[in-house]
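Here's a friendly walk through a protein model for anyone meeting it for the first time. Have a look at the picture, then read on.

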Amino acid sequence: MTRAVGIGRLAGVRVEVDWTWLLVFSLMTWALADAVFPEQSPGLSQGTYWAMAVVGTLTLFFSLLLHELGHSVQARREGMEIEGITLWLFGGVARFRGAFPSARAELRIALAGPAVTVVLAVLYGAVATLGLPESIHSLAIWLASINVVLLVFNMLPGLPLDGGRVARAVIWEITDDFDRATHIAGRAGQLLAYFLMSAGVALTLLAGVVSGIWLAIIGWFLLGASRSEIEQADMQRHLGGLSVADLMVRDPVTVPADMSLARFLDEVVWRHRYTSYPVLDESGHPAGLIAFRRLTRVPREQLALHRVGQHALALDRVVSLAPETPLIEAMQEMGARGAGRALVVANGRLVGLISSTDVLRALEARQAGGAAKARASLADTR
Ligand SMILES: [Zn+2]
């Protein structure tokens, strides 16, 4: 989710909106104004339906935000670091850094969001009983029911739904095995995803219900998300105790920023054949990263005229990590910024280079046959 745009902070938590939310916002507003509200409260003006639709969608958006804030505030109370909340196609995601401190802590964090939704649903329900004008009454009924529907769906016991987190926390508490609990709750999430996808396809093809497509899409996203929960847990187990220093390439081949591309090609690339090289400024400090495929964009006869520094990815666009950074965190950061490689920097000096492929290869080796094998395969990749 790198296409998210920050919209501000709420209770100290960074809030981002993914572009897919714009799509949902427009579709939902249109469906509410065109079909849902005219059906629910006939006889109001078209303008009123549109106003209700916009207020309804925005209030739902705010309800989702409060739900995620519930998770975040509780997570902070449990001592976890919060990266932020992102609202996207199917609701919100609160992102935390690191592992859950305990099964009970995860249970409390998982329940905090749904608890907020319950309170909101009750509030909207209460507004509906106040005898207010039809437009507000109708809006309140819709908000109360959509929140109940989302709550019920969200409490189904498969990861990454909140119900799945509750299930994992309970299994984790009973078995004292986080990894096993994740696999069980993750499998349940995958089953749920397959069920939604087949139900969606069946509804669309056999019963001609076009909105069945939505069920199928939700199922598809759920499938991917439950898989990545399991992968994340595997990574946690196999790379748990390791830091960047354990898997980085020490003293990588570097190039000075003022070297010409022609010399870079002749003296560095042909000899070493790596895909990218850290770039150093004249005082020897890291200045960026250059990928050798950048050379293909420069006409051959101009290679002598261009400098490495002109074509390197600048330092602020490269991920820099400290050697003692836990490997899991490093992978999260590289993943979040879409980077395959990161510079390892200590006291302003370049000490290494780490690539996510190396880490994944080490992970595979560890899964296949323990630490000894992992070390052997690491020696290969260096
Ligand atoms: Zn939630």
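## Starting from Ile85

Let's begin at one residue and work outwards. Once neighbours within four places in sequence are set aside, Ile85 is in contact with Val13, Val15, Glu16, Leu65, Glu68, Leu69, Ser72, Gly92 and Ala94. Ile85 also turns up, together with Ala185, as one of the residues with the most contacts inside the largest nonpolar core, a set of 49 residues. Apart from that core lies another, this one of 32 residues, and among its members are Met235, Val279, Val319 and Ala365. As a general point, nonpolar side chains in soluble globular proteins tend to be buried together.

## The whole chain

Keep in mind that this is a predicted model. The protein chain has 382 residues, and 34% of them count as buried. Along its principal axes, the C-alpha trace spans about 80 × 55 × 45 Å. In terms of secondary structure, the chain holds 12 helices and 12 strands.

How much of the contact map links residues that sit 24 or more positions apart? Taking contacts in the chain with a separation of 6 or more, such pairs account for 59%.

## The sheet with strands 1 to 4

Now for the sheets. One open sheet is built from 4 strands in the order 1-2-3-4, with mixed pairing. Strand 1 (5-10) and strand 4 (91-97) are the edge strands, and each has a single partner, so one side of each is left without a neighbour in the sheet. On average, neighbouring strands here are turned by 25° against each other, direction ignored.

Strand 1 and strand 2 (residues 13-17) run antiparallel and are joined by 5 bridges. They make a hairpin with 2 residues between them, and in its turn Ala11 has a positive phi of about 50°. You can follow the pairing residue by residue: Leu10 stands opposite Val13, while Val5 stands opposite Val17.

Val17 has a bridge partner in strand 3 as well, namely Leu87. Strand 2 and strand 3 run parallel, with 3 bridges between them. Is strand 2 mostly covered or mostly open? It is mostly covered, with 4 of its 5 residues buried. Helix 2 (residues 46-77) lies across strand 1, strand 2, strand 3 (81-88) and strand 4, and it runs at about 165° to strand 3.

## The sheet with strands 5, 12, 11 and 10

Further along the chain, there's another open sheet of 4 strands, with the order 5-12-11-10 and mixed pairing. Its edge strands are strand 5 (249-250) and strand 10 (319-321), each of which pairs on one side only. Strand 5 runs antiparallel to strand 12 (residues 349-355), and 2 bridges join them. Here Val249 stands opposite Leu353. Helix 11 (residues 327-336) lies across strand 10, strand 11 (341-346) and strand 12, running at about 170° to strand 10.

Leu343 is a handy residue to look for in this sheet, as it lies in strand 11. Why does Leu343 count as buried? Because it has 24 C-beta neighbours inside 10 Å, and 20 or more are needed for a residue to be called buried. Leaving aside neighbours within four places in sequence, Leu343 is in contact with Pro278, Pro286, Leu289, Val318, Ser320, Leu350 and Leu353. For a feel of distances across the model, try Leu343 and Glu39: they are 304 residues apart in sequence and 59 Å apart in space, C-alpha to C-alpha.

## Two domains and where they touch

The domain assignment splits the chain into domain 1 (5-239) and domain 2 (244-381). Their centres, taken over C-alpha atoms, are separated by 39 Å.

So what does the contact between them look like? On the domain 1 side there are 7 residues in contact with 7 residues of domain 2. Helix 7 (residues 212-239) gives the most to the domain 1 side, with 5 residues. Sorted by class, that side has 2 nonpolar, 3 polar and 2 charged residues.

Terms used: Residues numbered from 1 in each chain as written. Predicted model: local features only at pLDDT ≥ 70, side-chain atom pairs only at ≥ 80, totals over all residues. Pairing = 2+ DSSP bridges. Contact = placed C-beta atoms within 7 Å. Axes fitted to C-alpha atoms, helices over the stretch in contact; angles between N-to-C directions. Core = buried A, V, L, I, M, F, W, Y, C linked by C-beta atoms within 7 Å. Buried ≥ 20, exposed ≤ 12 C-beta atoms within 10 Å, placed from the backbone. Domains from an automatic or database assignment. Nonpolar A, V, L, I, M, F, W, Y, C, P; charged D, E, K, R; others polar.
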